[in-house]
Amino acid sequence: MTTRRPPWQLAGILAGFAGLATSYATAMVLTIREAPVVAVAELVIRLTPGAVAERAISILGQADKPALVAGILVLLVACFAGAGSLARRAWWRPLLVWVPLAAVGAVAVLVQRGAGMVDVLPVAVGLLTWVTVHSALNDALHRGRRRPELESHERRVFVMVAGAVAVASVGIAVLGRFVGAGRRHVEVSRRLLRIPGVTRRQAPAATSLGLPGIAPWQTPNADFYRIDTTIALPTIEPEDWSLRIHGLVERELTLSFADLVARQMTESWITLSCVSNEVGGELVGNARWSGVRLADLLAGLGVSEDADCVLQTSHDGWTCATPLETLTDDRDAMLAVAMNGRPLPIEHGFPVRTIVPGLYGYVSATKWVVDLEVTRFADAVGYWTTRGWSAEGPVKIASRIDVPRSGDEVEAGPVTFGGVAWHQHTGIASVEVQVDGGEWEPAELGEVPSVDTWVQWALTLDVGAGDHEVRVRAIGRDGETQTSIVRAPDPDGSTGLHTIEISAG
Ligand SMILES: Nc1nc2c(c(=O)[nH]1)N[C@H]1C(S)=C(S)[C@@H](COP(=O)(O)O)O[C@H]1N2
Ligand SMILES: [Mo]
């Protein structure tokens, strides 16, 4: 019997592809935009000097990106083989390859726009796969080496393990692709969906003060902040969606998407904000929402006098309890189907979510909503209220300075300050700015269509040379002046005045 060299490199390559497969599948299942390898390709593109990139594109034409990904894969196979060879000496040596490779992937993922820690999960899963699969394969090889009389048996074991790894990798990648395709399918349905009564309207011109650097009055869907607890985004076809309204009502109601959009449609500009928003923070946005008023829906159901809240449940099992009166009074609390004239983006609740003017999102704005139970606060607890957040979540008055940015250097003389202020369902009466603890100076306000949206504000003040501290405060239409007392977001929303430091020269 001839003794052959154990296929160390093959083990490395197999483990490498197994890791690529699990990381790819994780990215697909979590609906992360792209797999780590593609993220690396994008990073390479970003880091490539313009002239070189242009030359590459002119040579490769349209194939530049696939060619780049293919190139990265070839490089990876070399690294995988290297990791395989290193395993001959000591079990831990391949880590010298796996860990740096994962680090590159993690960096590539993290430098993408809007990346968060979940986006690194595919890389972590990939690394774990590399290490565990590789050590399993090496075990088989090492045992074969120590007991040569068993070598042919061990080789058979190795071939079987290797085959299983290869088959599993392909299976996992295909599964990931399939799950990802579900998302793409819903995305296509969403794009093709036309909902009667949903109009695409520009923000009224008077809402904007035209000052560069202030948050645009209407937040584009792509820039709207996103907060949810979901790992894999719910992907719900409109025809598969239904909503059950039950509990303390005389008549239960189950609505299909077609039933819902056949009803009278309402459209309103409403600002949504998050209770977790820090003073000066960006977890707030303003959009035109289209949907069906909840007051109209509930009116026909014979709601019991005993009820004081509605327990909302989403498709992914998130819950919140919303004060009943905010859903039945004259405000435009709605089951929204469109955002800025387009069907809701999947990550913002497609096909249906709740929007309630005047309440923080965590007690009202259920995305992918599928169940409304009319009940009592005493009997209902929402997801966040069991985790230390207040049961009721009326939005607190708030204001923010967008320009200049804290730390900016400006020219001494007239300086224009600007930003936004909000107190949904109460409205903003005025906004004032104070420099270095001096007089509070009133700002100019944009015009708004209702008390449910934020307002832009701007003000030009003469600023002398030197360092300055600038603060903003809002006064509500109910006469309330925004407090300077500093409180953390927990348990019912932050307070305090947004303050910036600038230096004028
Ligand atoms: N299903 C579901 N809906 C949810 C949440 C969630 O975690 N799951 N988070 C809520 C919170 S805390 C906020 S602030 C808003 C944010 O909505 P957006 O992501 O569309 O901006 O959604 C609310 N609706
Ligand atoms: Mo939130």
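**Reasoning about helices, a patch and a core**

Mentor: Let us begin with helix α2, whose buried residues are Pro36, Val37, Ala39, Val40, Ala41 and Leu43. Keep in mind that this is a predicted model.

Trainee: What makes a residue of α2 count as buried?

Mentor: The cut-off is a relative accessible area under 20%. Pro36 and Leu43, among others in α2, are counted as buried.

Trainee: How do you know whether the span of helix α2 agrees or disagrees with its 12 residues?

Mentor: We compare two values. At 1.5 Å a residue, α2 (residues 36-47) should span 16 Å, and its end C-alpha atoms are 16 Å apart, so the two agree.

Trainee: What does that comparison give for helix α1?

Mentor: Helix α1 (residues 8-29) has 22 residues and should span 32 Å; its end C-alpha atoms lie 32 Å apart, so there is agreement here too. That helix is mostly covered, with 17 of its 22 residues buried.

Trainee: Is valine 131 buried or partly exposed, and why?

Mentor: Its relative accessibility is 32%. Partly exposed lies between the limits of 20% and 50%, so that is the term for valine 131. Valine 131 sits in helix α6 (residues 121-146).

Trainee: Why can Val131 belong to a nonpolar surface patch?

Mentor: A patch residue needs over 30% relative accessible area, and valine 131 has 32%, so it passes that cut-off. Its partners are Trp91, Trp92, Leu95, Leu96 and Val99, and the patch covers about 600 Å². Helix α5 (residues 95-110) gives the most to this patch, with three residues.

Trainee: Why is aspartate 240 called exposed?

Mentor: Exposed begins over 50%. The relative accessible area of aspartate 240 is 58%, so the word fits. Aspartate 240 belongs to the loop between α7 (151-192) and β1 (242-247). Its C-alpha is 9.8 Å from that of proline 351, although 111 residues separate the pair in sequence.

Trainee: Which domains does the chain have?

Mentor: The domain assignment gives domain 1 (5-180), domain 2 (207-387) and domain 3 (398-504). The centres of domain 1 and domain 2, taken over C-alpha atoms, are 42 Å apart.

Trainee: Which residues touch the most other members of the largest nonpolar core?

Mentor: Leu260, Trp289, Leu297, Leu335 and Val337 do, out of 67 residues. Strand β7 (residues 334-339) gives the most to this core, with six residues.

Trainee: How do you know where this core lies?

Mentor: Domain 2 (207-387) and domain 3 (398-504) each give residues to the core, so we conclude that it lies between them.

Technical notes
Residues are numbered from 1 along each chain as its sequence is written. Chains are lettered from A and ligands numbered from 1 in the order in which they are written. This is a predicted model: local features need pLDDT of at least 70, side-chain atom pairs count only at pLDDT 80 or more; totals for chains, interfaces and linings use all residues. Side-chain values use heavy atoms; hydrogens and water are left out. Patches are made of residues with over 30% relative accessible area and no salt bridge: like charges are joined within 9 Å, nonpolar side chains (Val, Leu, Ile, Met, Phe, Trp, Tyr) within 5 Å. Accessible areas come from the Shrake-Rupley method with a 1.4 Å probe; for residues, only the protein chains shown count as cover. A salt bridge is a side-chain nitrogen of Lys or Arg within 4 Å of a carboxyl oxygen of Asp or Glu. Helices (H or I, at least four residues) and strands (E, at least two) are DSSP runs, numbered from the N terminus. Buried means under 20% relative accessible area, exposed over 50%, partly exposed in between (1.4 Å probe, protein chains only). The expected span of a helix is 1.5 Å times one less than its number of residues. Domain bounds come from an automatic or database domain assignment. A nonpolar core is a set of buried Ala, Val, Leu, Ile, Met, Phe, Trp, Tyr and Cys residues joined through side-chain atoms within 4.5 Å.
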